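Q: I am new to this structure. Please take a close look at the part around the ligand, and then at a few residues beyond it.

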Amino acid sequence: MSVFAANSFRNHEQISFHQDRDSGLSAIIAIHNTALGPALGGCRYWSYDNEADALDDVLRLSRGMTYKAALAGLSFGGGKAVIIAPKNTTPHEAKSPDLLKAFGRFVYSLNGRYITAEDVGTCPADMEVVHRVTPHVAGISDGGAGDGDPSPATAYGVFQGLRSAVRAKMGRDDLQGVHVAVQGLGHVGGYLAKYLADAGAKLTVADLDTERLAWAKDELAAEVVEAEAIYDVAADVFAPNAMGAILNDQTIPRLKVGVVAGSANNQLAEDRHGAALADHGILYAPDYVINAGGIINISHEGRAYDRDEAMAHCARIGDTLLEIFHRAGVEQRPTNEVADQMAEERIATHSTADEERRLSTVNA
Ligand code: NAD
């Protein structure tokens, strides 16, 4: 398995591999960029087919975190951790405290350059265990000073971003009667669907979990379709809140919507699918911009946590998206490309200022 020549390697600062035989931990932490601050990013617990897939995932996700933090205006860099779960484990299977503590010691060994949090396959309770051996953990309830679960904040940010996309595409400020096809009603999708229903949107939903579907039907008057049929729903907006890579050569031609705006990470199977969406006349809200509410909320954690302030910050995702949509329109470029460039500009500006400060200290 090559590392520097791996598909997703993009100038990462540091990649660390760790094994703890006693607890069975095999984990990788990737720090992509720390120009704006310590690398923040969740810890994924996943049963990968092979180690190369795990490496690819952590490299891709950590880079996404750098861009996400940069465009959310946060003083964090991008990092991510993956714990390679034994074959055939389900993501939500209980992990032993020994394994989580071994992971915590691994995080601690990086001296605060990487701050971990929950992600797919881990939960705030797991992070409480990790926190017993390292202070470098975010997204835990922290005795009431923080907020714990980031999902409601993520959903609120997606809701505000979706409103901006509707404004840009349809020229309207409200969601009354706007038809949204929602894929996934989990931690984020459930809250998002509630926000949308409360705003008067018409919902068509899909999930694999029949209880979530029954809830949406009964509580939100949503129409339910089979999971695979959600791509064919003629609606104003498609909101993906389940898996990644759902915008690809097979699905994009099927979409009958004007906007794609949802929480899922890595929605584009490949970068070129951003252009494919634009060619189909679909306005795409770049995933790492619209789903930054959780990390924004985390950045507000601490003793003086103020929920209203944190939510107001999440709402600014809508303004960032309007800027991206405007620039994409003027420059006639796909929104994902414009977002990447805006993030790189912010990092470059900061890195130059930082280097000048460092050199002036060295030369003083
Ligand atoms: P979750 O596991 O709670 O929910 C996912 C839901 O999608 C589940 O209800 C699941 O049954 C459903 N699902 C799975 N496959 C499906 C399919 N083929 N069709 C329809 N539904 C399907 O996850 P979550 O925390 O709600 O996160 C959703 C997405 O948002 C993920 O991609 C995650 O990486 C991303 N995200 C989450 C957060 C957060 O704060 N939780 C932050 C940023 C990004």
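A: What follows starts at the ligand and then moves outward.

The model is predicted. The ligand is surrounded by 21 residues. The closest are Thr-154, His-187, Val-188, Asp-207 and Ala-242.

Some polar atoms can be picked out one by one. Ser-151 has a polar side-chain atom 3.2 Å from a nitrogen atom of the ligand. Asp-207 also uses its side chain: an N or O atom there is 2.6 Å from an oxygen atom of the ligand. With Ala-242, the backbone is involved. One of its backbone N or O atoms lies 2.8 Å from an oxygen atom of the ligand.

How much of the ligand does the protein bury? On its own, the ligand exposes 830 Å², and the protein buries 77% of that. Two elements, α4 and α5 (187–198), each give two or more residues to the shell around the ligand.

Now follow α4. This helix covers residues 151–170, 20 residues in total. At 1.5 Å a residue, helix α4 should span 28 Å. Its end C-alpha atoms are 27 Å apart, which agrees. Of its 20 residues, 15 are buried, so α4 is largely enclosed by the rest of the structure. After α4 comes Gly-171, whose phi is positive, near 65 degrees.

Next, turn to His-300. This residue sits in the loop between α9 (293–299) and α10 (307–315). Is His-300 buried or exposed? Its relative accessibility is 19%, so His-300 counts as buried; the cut-off for buried is under 20%. Leaving aside residues up to four places away in sequence, His-300 touches Tyr-305, Glu-309, Ala-310 and His-313. With one of these, His-313, there is also a polar contact of 2.8 Å between the side chains.

Last, the cysteines. Cys-43 has 0% relative accessibility and therefore counts as buried. Cys-314 is likewise at 0% and counts as buried. Why does Cys-43 form no bond to another cysteine? The closest cysteine sulfur is in Cys-123, and it is 11 Å from the sulfur of Cys-43, too far for a bond. A disulfide needs two cysteine sulfur atoms within 2.5 Å. By this rule, the count of disulfides is zero.

To return to the starting point: α4 helps to form the shell around the ligand, and this helix is largely enclosed by the rest of the structure.

Note on methods: Residues numbered from 1 in each chain as written. Predicted model: local features only at pLDDT ≥ 70, side-chain atom pairs only at ≥ 80, totals over all residues. Heavy atoms only, no water. Helix = DSSP H or I, 4+ residues; strand = E, 2+ residues; numbered from the N terminus. Buried < 20%, exposed > 50% of the residue type's maximum accessible area, 1.4 Å probe, protein only. Polar contact = N/O pair within 3.5 Å; in protein donor to acceptor, adjacent residues only side chain to side chain. Contact = heavy atoms within 4.5 Å. Expected span 1.5 Å × (residues − 1). Near = heavy atom within 4 Å. Areas by Shrake-Rupley, 256 points an atom, 1.4 Å probe, with all protein chains shown as cover.
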